Amino acid sequence: MTATFPGRPGVKYPVSMRILHWLRAVLILGLIACGWYMTGRAEDDPTAGILYPNHKQFGVLAWLLALVQLTLRWRYSARLPPAPEALKRWEKWLSHGCHRLLIALTLITPMLGYAMSSSITDGDGVPFFFLSHVPEILPKSDNAFAVFQALHGYSAYLLLAVIALHMAGTLKHRLQDKGGETDVLPRML
């Protein structure tokens with residue numbers, strides 16, 4: 001681990017946050033791809049029968065990892081790299097807003113998925129690896145299911161759009177400002 005100091009070139013996020021960042025990125029993009037693919041399959045398709053329970057349990061994992069990420073951000077708040085001074089005011093605002101929205105959506109989207117699976121009348125619950133099922137606390141209602149299903153889908157697409165914006169900003173600063181203060185990618189590598 002490289003010793004770094006906030007406000008100086010070469011500052012990096014703590015190792016645990018960097019690992020969690022990339023793990024969550026792969027997990028969330030995989031969940032979005034899986035969700036898009038599985039919802040396009042017929043309900044009696046054997047592939048869908050494998051994908052749905054795995055999508056649910058990895059969604060619970062994504063939610064738990066979002067909580068871990070929030071805990072680490074709080075724990076390391078004094079050591080987190082500040083926004084580069086060379087960023088324009090609107091870039092700082094957009095970056096800050098994008099990060100907050102990413103955190104919020106990685107909590108909200110799985111919760112909406114849980115609500116959807118919990119409220120469907122003939123659902124099979126939400127499995128989670130070593131637990132047989134996550135307890136369902138919502139009343140069964142196909143009307144509520146339809147609302148949660150729509151909200152879960154919308155939030156997943158919004159999450160994908162924010163991820164694309166996050167990646168576009170990173171690539172812009174990486175390719176246009178390589179080696180400059182606004183090239184923030186090395187802070188997460």
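Q: Where does R187 sit along the chain?

A: Helices here are DSSP runs (H or I, at least four residues), numbered from the N terminus. R187 falls in the segment after helix 4 (142-176). Keep in mind that this is a predicted model, where local features need pLDDT of at least 70 and side-chain atom pairs count only at pLDDT 80 or more. Residues are numbered from 1 along each chain, and side-chain values use heavy atoms, without hydrogens and water.

Q: Is R187 buried or exposed, and which side chain of opposite charge is nearest?

A: Buried means under 20% relative accessible area (1.4 Å probe, protein chains only). A salt bridge needs a side-chain nitrogen of Lys or Arg within 4 Å of a carboxyl oxygen of Asp or Glu. R187 is buried but has no salt bridge, with E181 the nearest side chain of opposite charge at 7.3 Å.

Q: What lies 2.7 Å from a polar atom of the R187 side chain?

A: That's the backbone oxygen of P82. Counting contact as heavy atoms within 4.5 Å, R187 also touches V11, K12, Y13, R18, P81 and P84, leaving aside residues up to four places away in sequence.

Q: Which residues make up the largest nonpolar core?

A: A nonpolar core is a set of buried Ala, Val, Leu, Ile, Met, Phe, Trp, Tyr and Cys residues joined through side-chain atoms within 4.5 Å. The largest has 11 residues: Y13, M17, L20, L27, L31, A62, L65, L72, Y76, L80 and M188. Helix 1 (15-39) and helix 2 (46-75) each supply at least two of them, and helix 1 gives the most, with 4 residues.

Conventions: Helix = DSSP H or I, 4+ residues; strand = E, 2+ residues; numbered from the N terminus. Buried < 20%, exposed > 50% of the residue type's maximum accessible area, 1.4 Å probe, protein only. Lys, Arg positive; Asp, Glu negative; His and termini not counted. Polar contact = N/O pair within 3.5 Å; in protein donor to acceptor, adjacent residues only side chain to side chain.
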